[in-house]
Amino acid sequence: MNLATQRFDAVIVGGGGAGLRASLELAQSGLNVAVISKVFPTRSHTVSAQGGINAALGNTDGSDDWRWHMYDTVMGSDFLGDQDAIEYMCKHAPETIYELEHMGLPFSRLDNGKIYQRAFGGQTRNFGGELVHRTCCAADRTGHAMLHTLYQRNVAARAKFFNEWFAMDLVKAEQGIAGVMALNIETGEVVFLQARATILATGGAGRIFQSTTNAHINTGDGFGMVLRAGLPLQDMEFWQFHPTGIAGAGVLITEGSRGEGGYLINKEGERYMERYAPHLKDLSCRDVVARSSMIEIREGRGCGPKGDYVLLKLDHLGTEVINKRLPGIRELSITFAGVDPLKNPIPVVPTCHYLMGGIPTTVHAQVLTVKNGQDHIVEGLYAAGECACVSVHGANRLGANSLLDIVVFGRAAGLHVQQSVREGLGYRTPSSADIEAALSGLNRWNNNQNGESVDVIRNELQKIMQNDFGVFRTAEHMQEGFKKLEKLQERLKSASIKDKSQYFNTSRIEALELDNLMETALATAYLANERTESRGAHARYDFPKRNDRDWLKHSMYFSDGTIDFRPVNMKPHEVEPIKLKDRE
Amino acid sequence: MSKFISSRLSWACRRGMLELDLLLGNFLHEAFETLSPYDQKLFIELLEMNDQDLFLWLTGKEVNNNHYLNGIIKKIRYHAEHRHSIKTF
């Protein structure tokens, strides 16, 4: 078969912070690098990370220590984070920040000229002591500034961009990965991008849930690609949720709204948190509030024509409090819910925000698989950023550690690929069957006729994940969810798109994305059901306690339904391991 | 509007921020065709702006009455606030 092929030293899939940091490292070293991005790179989801980036610089407090940062990150991860990876990230954080500074990232500064640092939840001095100011920022646009700085630098370093190209699948070879099969969205042209190293930096997949803060592009494309290549995903049961996103939109209403006296009600007007948590009520921790809301919805006390949300009541606070103490909430609510909170309650629902799990990697971002209980490195494949699970976030991520994760491990991927190429990493040649396999998804959508639509299947998928595998998880409900998912998976196989044209066929891209959402959802469902404990962001109603004896391990899912495990690394190189402690 | 143009524009409404996906995407699908050719041209130009600026303008956090795109920004904001016509609680 006559297939166009282009060769690069490295192909990076994804133009967000992790991908651009990796490509920059490689392009600057003189390697021939291609970045494929389905949207223009500066429209990547990194732009939404407004909070900042952690590094123990000690600029505001006079002193800080990467070991304290490491301690906070391990505690935050509820001990599921790999201590060698967390050590690497926290230790390399300061130099990574200074590199960004030298590239021209406009960090906010102190009067003395040093980079300003703010306080953020979970950051302490001296192993759990007083709060420390560790978060660097560029005003409230850190992600945006990072993305633009990196993009400009990449252009200067002559990285080649394939913008508005979609990576459909990895192309396998006898040993490892040979490259990716990519589709030019504008022309419909298909090209095999062959590479010594392929780096996945495809971000998160919040779109598997009905309500998410994730942009529409976050469809877990790297997850689908990895699973279809027969490789595993790790810790996919760990998703961060926020209790109050605007129903039908996903835009967050700050938790401060409940702090100021707002409360949640069900369709009977009942303030239900009084029932679940008589003492703290609406000020209970995130998990408890989110789960209680989901129980109300599941048990038929949700509001609206479909009973699929609850209401956040603020009008009793009065105009002055709302305008003064909760600035912007009124505009948000009017814009995204069509509701004026001075008069009516806001429809809200637990909303997915961030995935801690992903593609398992070493600290050098090399993708791993497991065979007979042993880690094996997949030749020529790397992953970094939210799509990777290195694992620095474990069961829960600390604020302002995600921007750090993407630059530290994007850089690590670049450094390792450089070294490997120097040491002779070559190209791998796929068989014609490997090429066929990488085209099979596209061929299916091109050929299927008269099936159900992508919209119908995606909406059902998101509903199942929200209701049965979201914040309220019990074996019983997940079993129901499994049955629905399996049926839906069958229906997806015969689903079809009406538009079969080549030029700018976005419905075909959305169909390919749906395949990736389905793979990601199944990984989440299997591992959420498997892990019979509660840890970090994974809360099992039927197993409310953390169980270190049986579950201090990473879980792995393969697309044939096989589940395996890997030990958590508790052997940092330069410091004593951080010992297990109960959650406070 | 040809299918090619409409697909192209709807892809250009895919942004790095959910808020922009919603504001731009809803406007494109629900209001774009009713605009004058001049306003359509402004909308297409608006899509070339960066996400951070779009976010501040379209959520009203920053207003620049003299900017040549201010008119189309106002139309998008007005549309967002009035598109939820049926309320059922």
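Colleague: Before we look at any sheet, when do two strands count as paired?

Modeller: Two strands pair if DSSP finds at least two bridges between them. In general, strands of a sheet pair through backbone hydrogen bonds, either parallel or antiparallel. Keep in mind that this is a predicted model. With that said, chain A has an open sheet of three strands in the order 10-19-20, with antiparallel pairing.

Colleague: Which strands stand at the edges, each with a single partner strand?

Modeller: Strand 10 (233-234) and strand 20 (563-567) of chain A do, so one side of each is left without a neighbour in the sheet. Strand 10 of chain A pairs with strand 19 (residues 553-557) of chain A over two bridges, in the antiparallel sense. Within that pairing, A:Gln234 stands opposite A:Met556.

Colleague: Which helix lies across strand 10, strand 19 and strand 20 of chain A?

Modeller: That is helix 15 of chain A, which runs at about 140 degrees to strand 19 of chain A. Helix 15 of chain A also helps to cover the buried residues of helix 1 of chain B, along with helix 2 (18-30) and helix 3 (37-46) of chain B. Those buried residues of helix 1 (residues 3-12) are B:Ser7, B:Leu9, B:Ser10, B:Trp11 and B:Ala12.

Colleague: Let's stay with helix 15 of chain A. How should I read A:Arg508, and what is the nearest side chain of opposite charge?

Modeller: A:Arg508 sits in helix 15 (residues 506-530) of chain A. A salt bridge would need a side-chain nitrogen of Lys or Arg within 4 Å of a carboxyl oxygen of Asp or Glu. For A:Arg508, the nearest side chain of opposite charge is A:Asp499, 7.8 Å away, and this buried residue has no salt bridge. The side chain of A:Arg508 does make a polar contact of 3.1 Å with that of A:Asn446. Leaving aside neighbours within four places in sequence, the residues in contact with A:Arg508 include A:Leu183, A:Gly188, A:Leu442 and A:Ile497.

Colleague: Now for hairpins. How many residues lie between strand 4 and strand 5 of chain A?

Modeller: Six residues lie between them, and A:Asn126 in the turn has a positive phi of about 60 degrees. Strand 4 (residues 117-124) and strand 5 of chain A run antiparallel and are joined by four bridges, and A:Ala119 has A:His133 as its bridge partner. Strand 5 (residues 131-136) of chain A also pairs with strand 3 (residues 53-54) of chain A, antiparallel over two bridges. There, A:Asn54 is partnered by A:Thr135.

Colleague: Is A:Gln123 buried or exposed?

Modeller: A:Gln123, in strand 4 of chain A, counts as buried because its relative accessibility is 0%. Its side chain makes a polar contact of 2.6 Å with the side chain of A:Arg134. Beyond neighbours within four places in sequence, A:Gln123 is in contact with residues including A:Asn54, A:His69, A:Asp72 and A:Leu398. The C-alpha atoms of A:Gln123 and A:Thr73 are 8.5 Å apart, although 50 residues separate the two along the chain.

Colleague: One last hairpin: why is strand 7 of chain A described as largely enclosed by the rest of the structure?

Modeller: Strand 7 (residues 165-172) of chain A is described that way because seven of its eight residues are buried. Strand 7 pairs with strand 8 (residues 177-184) of chain A in the antiparallel sense over seven bridges, with A:Leu170 and A:Val180 as bridge partners. Four residues lie between the strands of this hairpin, where A:Gly176 takes a positive phi near 75 degrees.

Notes: Residues numbered from 1 in each chain as written. Chains lettered and ligands numbered in written order. Predicted model: local features only at pLDDT ≥ 70, side-chain atom pairs only at ≥ 80, totals over all residues. Heavy atoms only, no water. Buried < 20%, exposed > 50% of the residue type's maximum accessible area, 1.4 Å probe, protein only. Lys, Arg positive; Asp, Glu negative; His and termini not counted. Polar contact = N/O pair within 3.5 Å; in protein donor to acceptor, adjacent residues only side chain to side chain. Contact = heavy atoms within 4.5 Å. Axes fitted to C-alpha atoms, helices over the stretch in contact; angles between N-to-C directions.
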